[in-house]
Amino acid sequence: MTDREQPVLPPQDAPANPYRREFLWVLGGVGAAVGAGLAGWGALELMVPPGTADQWHKSVCRFCGTGCTIRVGLRDGQIVDIRGHESGHNRGVICVKGSMLRELPRIEGRLTRPMIRKGGKLVEAGWDEALDLVAARFGEIRDAHGPDALAFYGSGQLFTEESYTANKLFKAGLRTNNVDGNPRLCMASAAAGYVSVYGKDEPPGSYEDIDHADVLLLFGANPYECHPPLWERIQRRRAADPRVYTICVDPRLSPTAKRCDLHLPVVPGTDLLLLNAMARVMVEDGLVNRAFVDRHVRFARDGHTVGFDEFAAFLADYTPPAVAGRLGIGADVIRHVAHRFARAGAAMSLWTMGANQRTQGTALNIMLNALHLLTGQIGRPGATPFSITGQPNACGGVRDTGALAHALPGGRQVTNEAHRREVEKLWGVPEGTISPRPGYHAVELFRALEDGRVKGALILCTNPAQSMPDCDRYAAAMDKAFTVVSEIVADSETAKTASVLLPAALWCEKQGVLGQGERRYQLVDKLIDPPGEARPDLWILTQLAERLGLGQLIKARTPQEVWDEWRHMSAHSVYNFEGMTYERLRALPGLQWPCPTEDHPGTVRRYVEGDDPFVSKGAGIEFYGQKDKRAVITLCPYVPSPEQPGEDYPLYLTTGRVLEQWHTGTMTGRIAELGGAAGPARFMVSPADAAARGVSSGDMVEFSSRFGSVRGRAVTDPDLRPGLVFAAFYDARLLVNRVVADHVDPVSKEPEFKLTAVQFRKIRD
Amino acid sequence: METADVFRVLTGVLSVLGALLCVWVARVNFGRIDPERKVSLGVATVSGVAFFKLLALAALFAVPAATVAVANYHTVEGVHGVEACNRCHVMTPMVTDMRDASSQTLAARHFRNGWIAKDQCFVCHSDYGLAGDLRAKMEGYRHLARYTTGTFTEPIKFRGVFHNDNCLKCHEGTPRFVAVPSHVTVRARLADSSLSCLNCHGRAHPTRDQRTPGHADYGRLTGEKR
C-alpha cells in the first residue's frame with residue numbers, strides 16, 4: 001500500500017441498470033433463436049435438390065411442323081433434358097418425340113467422316129477430297145450436259161439459311177431451276193391451294209384460332225398422332241366449351257377420328273365430292289354470306305372469271321343425294337356438316353396429308369379455303385382455313401425461300417419474267433441469269449435421274465429412297481447417277497445409294513432458323529458440337545460454292561449473315577420479315593410474319609386490318625395477294641383417282657404416321673423409348689379382309705400393287721373398314737412406299753401417297 | 001369441422017386453462033395451507049400442499065407443454081390446406097387459377113373435377129411417405145423464410161425437381177395410362193423424374209409471364225387492382 005489515496009470506485013456488485021443481465025439473457029436468447037432460424041433456412045436452401053440441368057436454352061423441336069418452342073437442358077456440355085417452353089405458342093406442351101430429343105445427338109450410327117464410293121463401296125475420305133470430287137464432277141456434268149443435268153433435292157428439315165443458300169447457288173450460280181425437295185411430297189398442294197386462292201402462299205390464321213373456334217373440321221388430318229400438341233390444344237378448347245363441335249373426315253377410324261364428335265368415313269379418294277356438296281348445301285340453303293362474297297371473292301373456271309351464278313350452277317351436280325352413294329355417307333350428314341360449319345360462331349378447318357397427298361390435292365385445298373370464303377368464316381378469331389404442316393421448316397425454309405422447281409424467293413415464280421428480274425437484281429447477278437424454265441419437280445427429278453436427263457444431284461437432309469412413292473424405282477435411279485448425300489447416319493436407304501456421303505450436323509449442333517405451320521420463325525442456337533467431322537449443311541454449301549467458283553455469289557457464310565441477307569430481301573415482298581433480327585428471335589419464342597420492322601409484334605391474322613401491316617386502311621379484310629384484292633374460288637370438278645380398286649388389286653392402301661415415330665424413322669427409330677413404343681411397322685388390315693385371305697393377325701404377308709411388292713407382318717385392326725389397309729412409312733424394314741403409286745396432282749405435282757390399289761396374300765415366315 | 005379447426009379450438013381452450021391455473025397457483029400462499037387439509041382426487045386423496053404442488057406443476061409445465069404440442073399439431077397439419085399457401089400473395093395466382101372454372105391448367109382441371117378432395121397444393125407437392133411430408137414442410141419453411149424476409153422476386157420460379165411420383169401415385173397403372181405404349185417405354189425416365197409428365201400434359205399453373213407484374217392477367221390472378 002502506498003500513501004497515495006485510492007480512487008473511489010462504485011461498488012462492484014451494484015449494476016448500472018438493474019435489468020441489464022436479464023436484458024442480455026433475453027437478447028442472447030433471441031439472437032440464438034434467430035441464428036438457429038437463419039441457419040435452418042440456409043441449410044434448407046442448400047438442400048434444395050439440383051434440377052435436371054445446369055443451364056437451359058430456348059430452342060425449337062426438330063421433328064414435325066407444329067414447331068414447338070422448347071427449353072433444352074444442358075449438364076456438362078450434354079443435353080440432358082427437354083421441356084416445353086411455357087411462353088411458346090405451344091404453351092409448354094410437346095410430345096413424347098420432342099421429350100426424347102435429348103437422345104437425338106447420341107443416336108447410334110452417326111456418320112462422322114465423309115465417304116466416297118470407290119469400287120462400289122463407300123470408303124472414308126477427308127473433307128477436301130470429298131468436296132473437290134463433288135465440285136469437279138458437278139463441273140464436268142455442267143460443261144458436258146448443261147446446267148439442267150444437275151439438281152438439288154432439299155428438305156423441309158433444313159434450316160432456312162441452308163435452303164436459301166442452296167436455292168441461290170443452284171438457280172443463280174449453277175443456273176438451273178432443278179431445285180426441289182421433300183416439301184413437294186407433303187406441302188405442295190397446300191401451297192398451290194393458297195396461291196390459287198389468295199395469290200400468296202401460307203395460311204391466313206394461327207394456332208391461336210383453335211382457342212376461339214366453335215366448329216373444328218379436321219379434314220384428312222390425324223393430329224392425335226402426328227401433331228400431338230395441336231390435338232392437346234383442341235382438347236383444351238373442347239373442355240373449355242362443351243358446345244365446341246369436332247368433325248373428322250378420314251376414311252380410317254384414326255385415333256383422332258375416334259375422339260371427335262362426328263366421324264365421316266368417306267370412301268378413299270372421294271372427299272372432293274363432300275366439299276363440293278357442302279358448298280352446294282351452303283348455296284342452296286342460303287348459308288352463303290353474300291355480302292362477304294360480293295366484296296371479297298371472285299370465282300374462276302379454267303383461268304377465267306365467272307359469276308356466282310355459274311359457280312352455283314356448277315355445283316348442281318354435287319347435291320348431297322347425288323354424291324352420298326359415292327362418298328359412302330348419308331346425304332343428311334352432308335347437310336348437317338355444311339350447316340354446322342356455316343352457322344358456327346367461328347369455324348376452323350385443319351387439314352394435312354389426307355388432303356395434300358392426292359391427285360386432287362390442289363382442288364381439295366382450294367375447296368377447303370372456299371368453304372370459309374363462302375360463309376365468311378375467315379379473318380376473325382377462330383374462323384380460318386389452316387393447313388397443318390408435316391415438317392419443321394417446309395413453310396419457312398422451302399416455301400418462303402422459293403426453294404422449289406417452279407418458285408423464287410418471297411412468293412415469286414420462275415416463269416414470271418418480272419419476278420426473275422427482281423430476284424436477279426436483289427441477288428446482284430446479271431439479267432437473264434435465272435432460267436425461265438421451271439425445274440423438275442420431285443417425282444420428275446427422280447425420273448430424270450433414272451433416264452439420264454439429270455446426272456448429278458446434291459441431296460441434303462432427307463431420305464428419298466424411303467420417302468418417295470414407288471421408292472425402289474427411284475432408289476435405283478439414284479444408284480445410276482452421281483449423287484452427293486448429306487446424312488446423319490451411314491445406313492439410311494438414301495445413304496446406301498450415295499456416290500459421296502457427307503456427315504451432317506443436326507439440330508442444335510448448328511445454328512439457324514426454323515419456320516412452322518403458322519408463319520412463325522424461331523431461332524435454333526448451336527449448343528453442342530457435332531460428332532467427329534460432321535458439318536452443318538450450310539458449311540457444305542458454301543464450301544461447294546467456293547470450289548465451283550461461285551464464292552462471289554455466296555458471300556454470306558455464317559447463318560446470321562445469310563439470315564440478314566434473306567431478311568433484307570424479304571422486305572421487297574409481302575413475305576416481309578425484315579423486323580426479325582437474330583437478337584429478337586433469340587429473345588422471343590418466335591415471331592410471325594409479316595413483321596416489317598424491328599418494333600413490329602408480328603402478324604397473327606393475315607389479311608386482317610389492324611393485324612396485317614399490308615392491309616389498306618379501312619379495308620377490314622383485304623386479300624392483297626391477288627391483283628383485284630379478291631380471293632379466288634376456282635371451280636373444281638371431281639376427278640376420280642387413277643388408283644381404283646379392281647379385280648387384281650381390290651383394296652385401298654393408305655399410308656401415314658404413328659405417334660412415336662417421325663418421317664422415315666432415321667432419327668426416332670434409333671431412340672429406344674420411341675422405337676420400343678412404336679414397334680416394327682406392320683400392315684393394318686380389317687379382320688374381314690384378313691379372314692378372306694386366310695391371314696391371322698401377326699402372319700407374314702406380301703402386299704403388291706401395280707408398282708411393286710413388299711413383305712411384312714399383317715395385324716388385324718377391327719377399327720378398319722373392310723377394303724382399307726393402313727401402313728406407316730417410318731420403318732426401313734417395311735418399305736411400304738415400294739407399293740405406293742406415284743401419280744401426281746397435275747397442278748402441285750404432289751404424289752398421291754394416300755391412295756394405292758393393292759392386294760395381299762399370306763406367305764411363309 | 002376440419003381436424004385442424006378442432007385442434008385450433010383445443011389450443012385456445014388449453015391456453016385459457018393454463019392462464020387460469022397460473023393465476024390460481026400464484027394466489028396461493030403455500031406457507032398458510034392447513035397441513036391437515038385433504039383433497040380428494042377421486043382415485044386418491046392427497047394433502048392440500050401436495051394438491052397445490054401438482055396444480056403448480058400442471059400450470060407451469062404440463063398444460064403449457066400440452067398447449068404447445070396441440071398448437072404444433074395445428075401448425076403442422078394446418079399448413080396442408082390451400083389457404084395456408086394462399087396466405088403468401090405470390091402463391092395467390094396458383095390458387096386463383098386452380099379455382100377458375102374456365103382455366104385449363106392441370107391444377108384447375110384436377111380441382112374442378114374433384115380428383116383431389118382437399119389440400120390440393122400439398123397433395124401434389126409432397127412426395128410419398130413421411131419423408132415426403134417432412135420435405136414438403138421443410139420446403140414450406142424455406143418459402144416462409146423467403147417470403148417474410150422479402151428475398152424473392154416475382155414471378156416466383158420453381159426450384160429443384162418436381163417428382164413425377166406425385167402424378168404417378170394416382171395415374172400409374174390405370175387403364176388409360178397403360179394404353180399409351182410410350183408410358184411404358186419411358187417408365188424409367190418418369191420414375192426418376194428426368195422426363196416431366198408436364199411435357200405432354202400441359203402446364204400445371206399460370207405461366208411465369210402471366211404471373212409477372214404488368215401482365216394483362218396479373219391483376220386477375222392476384223386479386224389486385226391493376
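What follows walks through the overall build of chain A, its domains, one stretch of paired strands and the contact with chain B. The model is a predicted one.

Starting with the whole chain, chain A holds 26 helices and 29 strands. Its radius of gyration comes out at 31 Å, which agrees with the value near 27 Å that a compact globule of 765 residues would have. Laid along its principal axes, the C-alpha trace of chain A covers about 140 × 70 × 65 Å. Of those 765 residues, 58% count as buried. Contacts also reach a fair way along the sequence: taking the pairs in chain A that sit at least 6 residues apart, 71% of the contacts join residues at least 24 apart.

The domain assignment splits chain A into four pieces, with domain 1 at 55-106, domain 3 at 188-388 and domain 4 at 651-762. Domain 2 is put together from three segments, namely 118-180, 411-509 and 528-555. Turning to domains 3 and 4 of chain A, their C-alpha centres are 27 Å apart, and 22 residues of domain 3 are in contact with 23 residues of domain 4. On the domain 3 side, at least two residues each come from α6 (188-198), α7 (223-226), α15 (353-356) and α16 (361-375) of chain A. That side of domain 3 is a mix by class, with nine nonpolar, 10 polar and three charged residues.

Strand β11 of chain A (residues 297-301) is worth a look, with two pairings to follow. With β23 of chain A (residues 631-634), β11 runs parallel over four bridges; here A:R298 has A:V632 as its bridge partner. With β12 of chain A (residues 304-306), β11 pairs in the antiparallel sense over three bridges, and A:R301 is bridged to A:H304. β11(A) and β12(A) form a hairpin with two residues between the strands, where A:D302 takes a positive phi near 50°. As a general point, side chains in a regular strand alternate between the two faces of the sheet.

That leaves the contact between the chains, to which chain A gives 28 residues and chain B gives 24. On the chain B side, α7 (129-149), α10 (181-185) and α12 (198-201) of chain B each put in at least two residues. The largest share there belongs to α7(B), with four residues. Sorted by class, the side of chain B that touches chain A has nine nonpolar, 10 polar and five charged residues.

Technical notes
Residues are numbered from 1 along each chain as its sequence is written. Chains are lettered from A and ligands numbered from 1 in the order in which they are written. This is a predicted model: local features need pLDDT of at least 70, side-chain atom pairs count only at pLDDT 80 or more; totals for chains, interfaces and linings use all residues. Domain bounds come from an automatic or database domain assignment. Two residues are in contact if their C-beta atoms, placed from the backbone, lie within 7 Å. Ala, Val, Leu, Ile, Met, Phe, Trp, Tyr, Cys and Pro count as nonpolar, Asp, Glu, Lys and Arg as charged, and the others, Gly among them, as polar. The radius of gyration is taken over C-alpha atoms; the globule rule is 2.2 Å times the number of residues to the power 0.38. A residue is buried if 20 or more other C-beta atoms lie within 10 Å of its own, exposed if 12 or fewer, and partly exposed in between; C-beta atoms are placed from the backbone. Two strands pair if DSSP finds at least two bridges between them.
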